[in-house]
Amino acid sequence: MVHVSTPSRRLSSGLHAEMRFASTGWQLVVDGTPQSHVDPDRPELLVYEYVQQIGHVIDELPAGPLTAVHLGAGALTLPRYVDATRPGSRQQVIELEPLLVELVREVAPLPRGASVRVRYGDAREQLSRLPGGLRGAVDLVVVDVFSGSQTPAHVTTVEFHALVRDLLAPTGVVVVNIADDRTLAFAKRQLAALLEVHDHAAALADPGMLKGRRFGNVVAIAGRELPDLDALGRALRRDPLPGKVVAGAELRRFLGGASPARDADATPSPAPSRGIFG
């Protein structure tokens, strides 16, 4: 049996990050919470359910290279996917923890020639420091920000999403990974915020998650225009854990009058219970 070391770092936040080897690649784990999976030799391989759903959204965007901004680096899984499936794409990644990116790159360096610029700092603060040429020119913004196992409140609100909207090209979309418990209260408030800021929004998840049966992830998409939702729905149904698209009147019924999250009253995402990732 070949022993594979588990590289790790103590982050500036005090959290412990490590890269664990698995048969399908490497898993980034922060304080016991799995956050990303990556196989540097197979960048098209998306293992986590919600990442597969985001991959489908990327696949349905107009053909050709993308201009993308990723808030939250994780294991740089989605920047690798965009680089592999959309050659010539230009990407910016914003990450609070330099040591996390250092750890990921130690185990899984970015492909040579990939146009991926990593910037360090708070995701919301760094939005205003991006190059001016990106304003109104970004095809894809991915919001996947976590501090340990929770998403900070200040990257969930109407005010935050208005800043993101200003980056988007006319056909650009924002995609948000939302972790929530069975109540789905956090997800509904963030979806309501997206609907207030954008012309259109939709939710992607497996039906069990949408019915409040477990802690898990809802993927939200929003923009002036959305990708082909019928094609997206067909792709979701082919996943190992089949998902569905909720949009239009069905989305509004799902929200049930939930109030949009705002800076004055937003809360972090609920923490998962102990042992949920065991």
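The dialogue below reads several features of a predicted model.

Me: Where should one look for the nonpolar core, and which residues have the most contacts inside the largest one?

Reply: The general idea is that in soluble globular proteins nonpolar side chains tend to be buried together. In this predicted model, the largest nonpolar core has 38 residues. Those with the most contacts inside it are L71, V141, V143, V174, L251 and F254. Helix α6, residues 185-197, supplies the largest share of this core, with 6 residues. A second, separate core has 24 residues, including L46, V57, L204 and L236.

Me: Which residues does V141 touch, once those up to four places away in sequence are not counted?

Reply: Setting those sequence neighbours aside, V141 touches V69, L71, V164, L167, L168, V173, V174 and V175. One of these, L71, is also listed with V141 among the residues with the most contacts inside the largest core.

Me: How does one describe the packing of two helices, and at what angle do α1 and α2 cross?

Reply: One may give the distance between the axes, the angle and the handedness, and then name the residues that meet. The axes of α1 (residues 49-60) and α2 (residues 77-85) come within 11 Å and cross at roughly 30 degrees. The crossing of α1 past α2 is right-handed. On the α1 side, V51, I54, G55, I58 and D59 take part, and they meet T77, L78, Y81 and V82 of α2. By type, the residues of this contact divide into 6 nonpolar, 2 polar and 1 charged.

Me: How are aromatic pairs read, and how many are there?

Reply: One considers the distance between ring centres and the angle between ring planes. The count here comes to 2 aromatic pairs. F21 and W26 form an edge-to-face pair, with 5.2 Å from centre to centre and 70 degrees between the planes. Y48 and Y50 form a tilted pair, at 6.4 Å centre to centre and 45 degrees between the planes.

Me: Why does F21 count as partly exposed, and why does W26 count as buried?

Reply: The relative accessible area decides, because buried means under 20% and exposed means over 50%, with partly exposed in between. F21 has 47% relative accessibility and so counts as partly exposed, whereas W26, at 14%, is buried. In the other pair, Y48 and Y50 are both buried.

Me: What is the sign of phi at L76 and at L184?

Reply: Phi is a backbone angle, and its sign can be checked residue by residue. L76 is not a glycine, and its phi is positive, near 60 degrees. L76 lies in the loop between β5 (67-71) and α2, and it is buried at 0% relative accessibility. L184 likewise has a positive phi of about 60 degrees without being a glycine. L184 is placed in the loop between β9 (168-180) and α6, where its relative accessible area of 3% makes it buried.

Me: Which residues of helix α5 are buried, and what covers them?

Reply: One lists the buried residues of the helix and then the elements that cover them. In α5, residues 158-165, the buried residues are V158, F160, H161, A162 and V164. Their cover includes β5, α4 (123-127), β8 (138-143), β9 and α6.

Me: Where does G136 lie, and what is it in contact with beyond its sequence neighbours?

Reply: G136 is in the loop between α4 and β8 and is partly exposed, with a relative accessible area of 35%. Apart from neighbours within four places in sequence, G136 contacts D166, L167, L168, A169 and P170.

Conventions. Residues are numbered from 1 along each chain as its sequence is written. This is a predicted model: local features need pLDDT of at least 70, side-chain atom pairs count only at pLDDT 80 or more; totals for chains, interfaces and linings use all residues. Side-chain values use heavy atoms; hydrogens and water are left out. A nonpolar core is a set of buried Ala, Val, Leu, Ile, Met, Phe, Trp, Tyr and Cys residues joined through side-chain atoms within 4.5 Å. Buried means under 20% relative accessible area, exposed over 50%, partly exposed in between (1.4 Å probe, protein chains only). Helices (H or I, at least four residues) and strands (E, at least two) are DSSP runs, numbered from the N terminus. Contact means heavy atoms within 4.5 Å. Axes are lines fitted to C-alpha atoms, for helices over the stretch in contact, and angles run from 0 to 180 degrees between N-to-C directions. A crossing is left-handed if the near helix is turned anticlockwise from the far one by less than a right angle, and right-handed if clockwise. Ala, Val, Leu, Ile, Met, Phe, Trp, Tyr, Cys and Pro count as nonpolar, Asp, Glu, Lys and Arg as charged, and the others, Gly among them, as polar. Rings of Phe, Tyr and Trp (its six-membered ring) pair if their centres lie within 6.5 Å; planes under 30 degrees apart count as stacked, over 60 as edge-to-face and the rest as tilted.
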